[in-house]
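Work through the exercises below with the sequence and the model side by side. Each task is followed by a solution that proceeds step by step.

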Amino acid sequence: MTYGCQTWSMTKAVGPKLRVAQRAMERKMLGLKLTDKISCKEIRNKTQVSDIAQYIAKQKWKRAGHVARLQDNRWTLRVTEWQPRNGKRSRGRQARRWRDDIVRTTGKWTREAKDKEEWRRGAEGLILQWMDGA
C-alpha cells in the first residue's frame, strides 16, 4: 500500500483516505465488522501496526536526506529543485510538489540535510509537526 510513498505529495485529502484504508485492513485482519463498534485505538493495540501517515512521513524524510546528500548533480536533485517557467501557468492553486512539505517544515532543507546525524536527530519532532500541517 505504501510502495513508492517517499515520492508522494501528501495533501489534506490523501492522509485521511490512507488512514481509512488502513483501519479497514486492520479490521479485516482481526475479522471485525464496523457494526462490532470497537474503537480504532483498541484495534491498533491488537494489531500493533504503526500509523500509515507517520510511516509515510518518516520514509519521505529519509528520502529527502538522501537526495540532499547526493554529490554528483544527478537528475534526482535537479528535478527536485527544478522550477518550470514555460509560458502562462494554468488557473487555480499551484500543484503541490514533493519538496513543499519539507520546505514548509524545515526551511532550506538541502543545507540542513547535509549532516546525516543531525538530520536523523531532528526527524522525530519535525515529522510530527509536518503531519499536523498536512
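**Exercise 1.** Determine whether alanine 24 is buried, partly exposed or exposed, and find the element in which alanine 24 is placed.

*Solution.* Begin with the classes: buried means under 20% relative accessible area, exposed means over 50%, and partly exposed lies in between, with a 1.4 Å probe and protein chains only. Alanine 24 has a relative accessible area of 36%, and is therefore partly exposed. Its place is in helix H1, where helices are DSSP runs of H or I with at least four residues, strands are runs of E with at least two, and both are numbered from the N terminus. As a last step, take the C-alpha atoms of alanine 24 and leucine 34, which are ten residues apart along the chain and separated by 8.9 Å. This is a predicted model, in which local features need pLDDT of at least 70 and side-chain atom pairs count only at pLDDT 80 or more, while totals for chains, interfaces and linings use all residues. Residues are numbered from 1 along each chain as its sequence is written, and side-chain values use heavy atoms, with hydrogens and water left out.

**Exercise 2.** Describe H1 by its span, its buried residues and the residue that follows it.

*Solution.* First, H1 has 17 residues and reaches 25 Å from its first C-alpha to its last, close to the 24 Å expected at 1.5 Å a residue; the expected span is 1.5 Å times one less than the number of residues. Next, the buried residues of H1 are Gly15, Leu18, Gln22, Glu26 and Arg27, and what covers them includes helix H2 (40-47) and H3. Finally, H1 is followed by glycine 31, whose phi is positive, near 75°.

**Exercise 3.** Work out how H1 and H3 pack, and which residues meet.

*Solution.* Axes are lines fitted to C-alpha atoms, for helices over the stretch in contact, and angles run from 0 to 180 degrees between N-to-C directions. On this basis H1 (residues 14-30) and H3 (residues 52-68) pack at an angle of about 120°, with their axes 9 Å apart. That makes H1 oblique to H3, given that angles under 35 degrees count as roughly parallel, over 145 as roughly antiparallel, 65 to 115 as roughly perpendicular and the rest as oblique. With contact meaning heavy atoms within 4.5 Å, Leu18, Arg19 and Gln22 in H1 meet Ile52, Ala53 and Ile56 in H3. The residues of this contact divide into four nonpolar, one polar and one charged, where Ala, Val, Leu, Ile, Met, Phe, Trp, Tyr, Cys and Pro count as nonpolar, Asp, Glu, Lys and Arg as charged, and the others, Gly among them, as polar. On the H3 side, Ile52, Ala53 and Ile56 are among the buried residues of that helix, as is Trp61.

**Exercise 4.** Locate lysine 37 and glutamine 48, and state the sign of phi at each.

*Solution.* Most residues other than glycine have a negative phi. Lysine 37, in the loop between H1 and H2, has a positive phi near 55°, and with a relative accessible area of 73% lysine 37 is exposed. Glutamine 48, found in the loop between H2 and H3, likewise has a positive phi near 55°, and at 65% relative accessibility glutamine 48 counts as exposed.
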